[in-house]
Amino acid sequence: MRIVLVGPPGAGKGTQATRLAEKLRIPHISTGDLFRANISRQTELGKLAKSYMDAGNLVPDEVTIAMAKDRMEQPDAEGGFLLDGFPRNVSQAEALDELLQTEGIKLDAVLDLEAPEDEVVKRIAGRRVCRKDSAHVFHVTYSPPKQEGVCDACGGELYQRDDDSEETVRTRLEVYHTQTEPIIGYYRAQGLVVTISAMGPVDEVTGRALEALKSGK
Ligand code: AP5
Ligand code: ZN
(Lines give C-alpha, C1' and ligand atoms only; values in the text may rest on other atoms or scores of the structure.)
(Ligands and ions follow the chains in the order given, each with its own letter.)
Protein backbone atom coordinates (compact mmCIF):
# COMPACT_ATOMS: atom_id res chain seq x y z
CA MET A 1 0.00 0.00 0.00
CA ARG A 2 1.04 3.59 -0.57
CA ILE A 3 -0.34 5.85 2.11
CA VAL A 4 0.00 9.50 3.08
CA LEU A 5 -0.60 10.39 6.71
CA VAL A 6 -1.77 13.92 7.42
CA GLY A 7 -2.77 15.73 10.59
CA PRO A 8 -1.78 18.63 12.85
CA PRO A 9 1.50 18.59 14.76
CA GLY A 10 1.12 16.36 17.81
CA ALA A 11 -1.92 14.47 16.47
CA GLY A 12 0.05 11.22 16.78
CA LYS A 13 1.22 10.72 13.18
CA GLY A 14 4.63 9.36 14.18
CA THR A 15 3.12 7.15 16.90
CA GLN A 16 0.56 5.67 14.51
CA ALA A 17 2.94 5.48 11.54
CA THR A 18 5.33 3.21 13.48
CA ARG A 19 2.50 0.81 14.29
CA LEU A 20 0.77 0.93 10.90
CA ALA A 21 4.03 0.47 8.99
CA GLU A 22 4.77 -2.65 11.03
CA LYS A 23 1.28 -4.11 10.55
CA LEU A 24 1.19 -3.31 6.83
CA ARG A 25 4.85 -4.29 6.30
CA ILE A 26 5.82 -1.08 4.56
CA PRO A 27 8.56 1.42 5.47
CA HIS A 28 7.65 4.47 7.54
CA ILE A 29 9.06 7.54 5.80
CA SER A 30 9.01 10.66 7.97
CA THR A 31 10.52 13.82 6.49
CA GLY A 32 10.72 15.28 10.03
CA ASP A 33 12.80 12.27 11.18
CA LEU A 34 14.99 12.48 8.04
CA PHE A 35 15.69 16.16 8.76
CA ARG A 36 16.41 15.41 12.45
CA ALA A 37 18.85 12.64 11.42
CA ASN A 38 20.62 15.17 9.18
CA ILE A 39 20.75 17.66 12.04
CA SER A 40 22.35 15.15 14.41
CA ARG A 41 24.90 14.16 11.72
CA GLN A 42 25.53 17.89 11.17
CA THR A 43 25.17 17.65 7.38
CA GLU A 44 24.70 20.75 5.18
CA LEU A 45 21.05 19.76 4.72
CA GLY A 46 20.69 19.46 8.50
CA LYS A 47 22.16 22.92 9.06
CA LEU A 48 19.78 24.43 6.52
CA ALA A 49 16.72 22.56 7.84
CA LYS A 50 17.39 23.42 11.50
CA SER A 51 16.86 27.15 11.07
CA TYR A 52 13.43 26.59 9.51
CA MET A 53 12.40 23.85 11.94
CA ASP A 54 13.38 25.79 15.05
CA ALA A 55 11.16 28.65 13.86
CA GLY A 56 8.27 26.25 13.13
CA ASN A 57 8.32 26.99 9.40
CA LEU A 58 8.48 24.59 6.47
CA VAL A 59 11.87 23.71 5.03
CA PRO A 60 12.01 24.92 1.38
CA ASP A 61 10.26 22.63 -1.13
CA GLU A 62 13.25 22.07 -3.35
CA VAL A 63 15.41 20.33 -0.74
CA THR A 64 12.44 18.60 0.92
CA ILE A 65 11.15 17.10 -2.33
CA ALA A 66 14.64 15.94 -3.35
CA MET A 67 15.15 14.27 0.05
CA ALA A 68 11.73 12.56 0.01
CA LYS A 69 12.22 11.38 -3.59
CA ASP A 70 15.60 9.92 -2.72
CA ARG A 71 14.11 8.00 0.22
CA MET A 72 11.11 6.73 -1.78
CA GLU A 73 13.48 5.38 -4.41
CA GLN A 74 15.27 3.10 -1.93
CA PRO A 75 14.67 -0.62 -2.61
CA ASP A 76 12.64 -1.18 0.58
CA ALA A 77 9.99 1.30 -0.63
CA GLU A 78 9.36 -0.48 -3.93
CA GLY A 79 6.31 -2.38 -2.70
CA GLY A 80 4.76 0.52 -0.81
CA PHE A 81 5.36 3.15 1.88
CA LEU A 82 3.74 5.22 4.57
CA LEU A 83 4.56 8.90 4.20
CA ASP A 84 4.46 10.88 7.46
CA GLY A 85 4.84 14.65 7.17
CA PHE A 86 5.16 14.71 3.38
CA PRO A 87 3.58 16.23 1.33
CA ARG A 88 2.99 19.29 3.47
CA ASN A 89 1.69 21.81 0.94
CA VAL A 90 -0.01 21.67 -2.43
CA SER A 91 3.18 22.08 -4.45
CA GLN A 92 4.75 19.10 -2.64
CA ALA A 93 1.56 17.11 -3.35
CA GLU A 94 1.84 18.00 -7.04
CA ALA A 95 5.51 17.00 -7.06
CA LEU A 96 4.60 13.67 -5.46
CA ASP A 97 1.87 13.07 -8.06
CA GLU A 98 4.39 13.71 -10.83
CA LEU A 99 6.89 11.34 -9.28
CA LEU A 100 4.30 8.58 -8.87
CA GLN A 101 3.06 9.11 -12.40
CA THR A 102 6.58 8.72 -13.79
CA GLU A 103 6.84 5.42 -11.92
CA GLY A 104 3.36 4.35 -13.06
CA ILE A 105 2.10 3.97 -9.48
CA LYS A 106 -0.69 5.54 -7.41
CA LEU A 107 -1.52 6.38 -3.81
CA ASP A 108 -4.06 4.08 -2.17
CA ALA A 109 -5.19 6.43 0.60
CA VAL A 110 -4.60 9.65 2.49
CA LEU A 111 -5.26 9.03 6.17
CA ASP A 112 -6.32 12.24 7.90
CA LEU A 113 -5.89 12.23 11.71
CA GLU A 114 -8.21 14.67 13.47
CA ALA A 115 -7.53 16.04 16.94
CA PRO A 116 -8.65 19.26 18.65
CA GLU A 117 -6.07 21.99 19.19
CA ASP A 118 -6.06 21.87 23.02
CA GLU A 119 -5.28 18.13 22.87
CA VAL A 120 -2.40 18.44 20.37
CA VAL A 121 -0.88 21.23 22.46
CA LYS A 122 -0.98 18.93 25.54
CA ARG A 123 0.50 16.03 23.56
CA ILE A 124 3.38 18.15 22.26
CA ALA A 125 4.13 19.76 25.63
CA GLY A 126 4.61 16.34 27.26
CA ARG A 127 6.39 14.57 24.40
CA ARG A 128 9.82 13.06 25.03
CA VAL A 129 11.80 11.46 22.20
CA CYS A 130 14.70 8.98 22.32
CA ARG A 131 18.06 10.29 21.09
CA LYS A 132 19.03 6.86 19.76
CA ASP A 133 15.83 6.05 17.84
CA SER A 134 13.21 8.65 16.91
CA ALA A 135 10.56 5.91 16.70
CA HIS A 136 10.76 5.64 20.51
CA VAL A 137 8.31 8.34 21.57
CA PHE A 138 6.93 8.86 25.09
CA HIS A 139 4.67 11.28 26.91
CA VAL A 140 5.26 12.39 30.50
CA THR A 141 1.62 11.70 31.43
CA TYR A 142 0.00 9.60 28.67
CA SER A 143 2.80 7.06 28.13
CA PRO A 144 5.54 7.74 30.67
CA PRO A 145 8.81 5.79 30.55
CA LYS A 146 9.47 3.48 33.51
CA GLN A 147 12.46 5.59 34.50
CA GLU A 148 12.30 9.35 33.99
CA GLY A 149 14.44 10.52 31.05
CA VAL A 150 15.39 6.99 29.94
CA CYS A 151 13.99 5.12 26.93
CA ASP A 152 12.26 1.83 27.88
CA ALA A 153 13.09 0.28 24.53
CA CYS A 154 16.83 0.93 24.26
CA GLY A 155 18.06 2.84 27.33
CA GLY A 156 18.72 5.96 25.24
CA GLU A 157 18.36 9.45 26.68
CA LEU A 158 14.93 11.06 26.27
CA TYR A 159 14.84 14.71 25.26
CA GLN A 160 12.35 17.42 24.36
CA ARG A 161 12.49 18.53 20.72
CA ASP A 162 13.77 22.08 20.12
CA ASP A 163 10.63 22.91 18.12
CA ASP A 164 8.28 21.79 20.93
CA SER A 165 8.41 25.15 22.75
CA GLU A 166 5.05 26.86 23.23
CA GLU A 167 5.85 29.69 20.83
CA THR A 168 7.08 27.43 18.01
CA VAL A 169 4.07 25.15 18.43
CA ARG A 170 1.78 28.12 17.78
CA THR A 171 3.61 28.84 14.51
CA ARG A 172 3.54 25.15 13.51
CA LEU A 173 -0.22 25.02 14.04
CA GLU A 174 -0.69 28.14 11.95
CA VAL A 175 1.52 26.72 9.19
CA TYR A 176 -0.55 23.52 9.32
CA HIS A 177 -3.84 25.40 8.85
CA THR A 178 -2.63 27.71 6.08
CA GLN A 179 -0.25 25.46 4.11
CA THR A 180 -0.92 21.80 4.91
CA GLU A 181 -4.70 21.58 5.37
CA PRO A 182 -5.30 22.57 1.71
CA ILE A 183 -3.78 19.23 0.63
CA ILE A 184 -6.79 17.48 2.18
CA GLY A 185 -9.02 19.22 -0.38
CA TYR A 186 -6.50 18.42 -3.11
CA TYR A 187 -6.64 14.70 -2.26
CA ARG A 188 -10.37 14.72 -1.57
CA ALA A 189 -10.84 15.70 -5.22
CA GLN A 190 -8.98 12.47 -6.06
CA GLY A 191 -11.27 10.47 -3.74
CA LEU A 192 -8.37 9.39 -1.53
CA VAL A 193 -9.12 10.89 1.88
CA VAL A 194 -10.17 8.81 4.88
CA THR A 195 -10.65 10.81 8.07
CA ILE A 196 -10.51 9.32 11.56
CA SER A 197 -10.47 10.73 15.08
CA ALA A 198 -7.03 10.61 16.72
CA MET A 199 -8.60 10.77 20.20
CA GLY A 200 -8.51 7.90 22.67
CA PRO A 201 -5.86 5.29 23.52
CA VAL A 202 -3.08 4.71 20.98
CA ASP A 203 -4.15 1.10 20.20
CA GLU A 204 -7.74 2.17 19.63
CA VAL A 205 -6.61 4.81 17.12
CA THR A 206 -4.47 2.20 15.32
CA GLY A 207 -7.48 -0.14 15.09
CA ARG A 208 -9.63 2.68 13.75
CA ALA A 209 -6.96 3.54 11.16
CA LEU A 210 -6.63 -0.06 9.91
CA GLU A 211 -10.40 -0.39 9.68
CA ALA A 212 -10.70 2.89 7.76
CA LEU A 213 -7.92 1.92 5.36
CA LYS A 214 -9.63 -1.41 4.71
CA SER A 215 -13.07 0.04 4.07
CA GLY A 216 -11.80 3.21 2.36
CA LYS A 217 -13.89 5.58 4.49
P1 AP5 B 1 7.48 16.69 11.91
O2 AP5 B 1 8.53 15.95 12.60
O3 AP5 B 1 6.74 16.07 10.79
O4 AP5 B 1 6.49 17.25 13.03
P5 AP5 B 1 4.91 17.54 13.07
O6 AP5 B 1 4.13 17.38 11.84
O7 AP5 B 1 4.84 18.86 13.70
O8 AP5 B 1 4.38 16.39 13.90
P9 AP5 B 1 4.90 15.96 15.25
O10 AP5 B 1 6.11 15.09 15.10
O11 AP5 B 1 5.03 17.15 16.16
O12 AP5 B 1 3.67 15.14 15.85
P13 AP5 B 1 3.07 13.74 15.50
O14 AP5 B 1 1.74 13.96 14.87
O15 AP5 B 1 4.03 12.84 14.81
O16 AP5 B 1 2.82 13.23 16.98
P17 AP5 B 1 3.53 12.08 17.87
O18 AP5 B 1 3.19 10.73 17.35
O19 AP5 B 1 4.96 12.39 18.12
O20 AP5 B 1 8.07 18.07 11.34
C21 AP5 B 1 8.90 18.91 12.10
C22 AP5 B 1 9.41 20.05 11.24
O23 AP5 B 1 10.20 19.52 10.16
C24 AP5 B 1 8.35 20.91 10.56
O25 AP5 B 1 7.86 21.92 11.40
C26 AP5 B 1 9.14 21.46 9.35
O27 AP5 B 1 9.98 22.51 9.74
C28 AP5 B 1 10.02 20.27 8.96
N29 AP5 B 1 9.39 19.42 7.94
C30 AP5 B 1 9.03 18.11 8.05
N31 AP5 B 1 8.47 17.67 6.92
C32 AP5 B 1 8.46 18.71 6.04
C33 AP5 B 1 7.99 18.88 4.72
N34 AP5 B 1 7.39 17.90 4.04
N35 AP5 B 1 8.15 20.10 4.13
C36 AP5 B 1 8.78 21.12 4.77
N37 AP5 B 1 9.22 21.03 6.05
C38 AP5 B 1 9.07 19.83 6.69
O39 AP5 B 1 2.70 12.28 19.24
C40 AP5 B 1 2.83 13.46 20.00
C41 AP5 B 1 2.79 13.11 21.50
O42 AP5 B 1 1.49 12.61 21.84
C43 AP5 B 1 3.78 12.00 21.92
O44 AP5 B 1 4.30 12.32 23.17
C45 AP5 B 1 2.91 10.73 22.00
O46 AP5 B 1 3.40 9.83 22.97
C47 AP5 B 1 1.56 11.30 22.39
N48 AP5 B 1 0.43 10.55 21.82
C49 AP5 B 1 0.32 10.04 20.55
N50 AP5 B 1 -0.86 9.44 20.38
C51 AP5 B 1 -1.53 9.58 21.57
C52 AP5 B 1 -2.82 9.16 22.03
N53 AP5 B 1 -3.67 8.47 21.23
N54 AP5 B 1 -3.17 9.47 23.30
C55 AP5 B 1 -2.32 10.15 24.11
N56 AP5 B 1 -1.09 10.57 23.73
C57 AP5 B 1 -0.71 10.28 22.48
ZN1 ZN C 1 15.12 4.36 22.47
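**Stop 1: the annotated binding site.** Select T31, R36, N57, L58, V59, G85, F86, P87, R88, Q92, R161 and R172. UniProt, in an unreviewed entry, gives these positions the feature "binding site". The model on screen is predicted, and the annotation comes from that record. In sequence the positions span 142 residues. In space they are spread as well, with C-alpha atoms up to 24.6 Å apart. Pick out R36 and colour its helix: R36 sits in α2.

**Stop 2: ligand 1.** Now show ligand 1 and its surroundings. How many residues surround ligand 1? The shell holds 36 residues. Label P9, G12, G14, G32 and G85, which are the closest. G85 also belongs to the UniProt "binding site" positions.

Next, colour the elements that feed this shell. Helices α1 (13-24), α2 (31-40), α3 (44-55), α6 (117-125) and α9 (202-215) each supply at least two residues. Strand β6 does so too. Colour the shell by residue class. It divides into 15 nonpolar, 15 polar and six charged residues.

**Stop 3: the lid annotation.** Select residues 127-163. The unreviewed UniProt entry labels this stretch "domain: Adenylate kinase active site lid". Switch to cartoon: the stretch is 0% helix and 24% strand. Put a distance between the C-alpha atoms at its two ends, and you get 11 Å.

**Stop 4: the sheet.** Select β5, β6 and β7. These three strands form an open sheet in the order β6-β5-β7, with antiparallel pairing. Which strands lie at the edges? They are β6 (137-139) and β7 (158-159), and each pairs on one side only. Turn on backbone hydrogen bonds here; strands of a sheet pair through them, either parallel or antiparallel.

Zoom in on β5 (residues 127-130) and β6. The two run antiparallel and are joined by three bridges. Select R127 and look across: H139 in β6 stands opposite.

**Stop 5: a helix pair.** Finish with α4 (residues 61-72) and α5 (residues 90-103). Where helices pack, the angle and the distance between the axes describe the arrangement. Here the axes come within 11 Å and cross at roughly 35 degrees. The crossing is right-handed.

Show side chains at the contact. From α4, select D61, T64, I65 and K69. From α5, select S91, Q92, A95 and L99. By class, the contact residues are three nonpolar, three polar and two charged. Q92 leads back to the start of the tour: UniProt lists Q92 under "binding site".

Note on methods: Residues are numbered from 1 along each chain as its sequence is written. Chains are lettered from A and ligands numbered from 1 in the order in which they are written. This is a predicted model: local features need pLDDT of at least 70, side-chain atom pairs count only at pLDDT 80 or more; totals for chains, interfaces and linings use all residues. Two strands pair if DSSP finds at least two bridges between them. Helices (H or I, at least four residues) and strands (E, at least two) are DSSP runs, numbered from the N terminus. Axes are lines fitted to C-alpha atoms, for helices over the stretch in contact, and angles run from 0 to 180 degrees between N-to-C directions. A crossing is left-handed if the near helix is turned anticlockwise from the far one by less than a right angle, and right-handed if clockwise. Two residues are in contact if their C-beta atoms, placed from the backbone, lie within 7 Å. Ala, Val, Leu, Ile, Met, Phe, Trp, Tyr, Cys and Pro count as nonpolar, Asp, Glu, Lys and Arg as charged, and the others, Gly among them, as polar. UniProt positions are given in the numbering used here, feature names are shortened, and annotations may be inferred rather than shown by experiment. A residue is near a molecule or strand if its C-beta atom, placed from the backbone, lies within 6 Å of it.
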